[in-house]
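Dear colleague,

Please find below the structure I am handing over to you. My findings on its helices follow directly after it.

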Amino acid sequence: MGQSSHSEFWKSLSIGQRENIADSAGTSAEYLRQVLVYDRQPSADMAKRLENATAGALTRQSLRPDLFADMQVASQ
């Protein structure tokens, strides 16, 4: 998921969904917006928490390719 896809993901969420994801990740909806819309780089830990909070809709690899690009995606 590239940056424009992150922005589209943000736009697809209701206000409640944004708040739920942020709460699950231990952050604020405003911080989530900065990451998805304004390309703010989350920490490695936050990238993992956002991946978990979105059940993989956002991946740590897409959020921080500089840190996680070498990770293999498990086939299902």
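In this predicted model, helices α2 and α4 are oblique to each other. Their axes cross at roughly 130° and come within 8 Å. The angle lies outside the range of 65 to 115 degrees for roughly perpendicular axes and is not over 145, the limit for roughly antiparallel ones, so the pair counts as oblique. The crossing of α2 past α4 is right-handed. On the α2 side the contact is made by I21, S24 and A25, and on the α4 side by M46, R49, L50 and A53. Sorted by character, the residues of this contact are five nonpolar, one polar and one charged.

Helix α4 itself spans residues 44–53, and its buried residues are M46, A47, L50 and E51. These residues cover an arc of only 140° around the axis and therefore lie on the same side of α4. The cover over them includes α2 (15–25), α3, α5 (60–63) and α6 (65–68). Two residues, M46 and L50, thus appear both in the buried set and in the contact with α2. Just after α4, A55 has a positive phi of about 55°.

Helix α3, one of the elements covering α4, comprises residues 29–37, of which Y31, L32, V35 and L36 are buried. Viewed down the axis of α3, the buried residues fall within an arc of 125°, so they line one face of the helix. After α3 comes D39, with a positive phi near 60°.

Kind regards

Technical notes:
Residues numbered from 1 in each chain as written. Predicted model: local features only at pLDDT ≥ 70, side-chain atom pairs only at ≥ 80, totals over all residues. Heavy atoms only, no water. Buried < 20%, exposed > 50% of the residue type's maximum accessible area, 1.4 Å probe, protein only. Helix = DSSP H or I, 4+ residues; strand = E, 2+ residues; numbered from the N terminus. Arc of directions from axis to C-beta. Contact = heavy atoms within 4.5 Å. Axes fitted to C-alpha atoms, helices over the stretch in contact; angles between N-to-C directions. Parallel < 35°, antiparallel > 145°, perpendicular 65-115°, else oblique. Left-handed = near helix turned anticlockwise from the far one by under 90°. Nonpolar A, V, L, I, M, F, W, Y, C, P; charged D, E, K, R; others polar.
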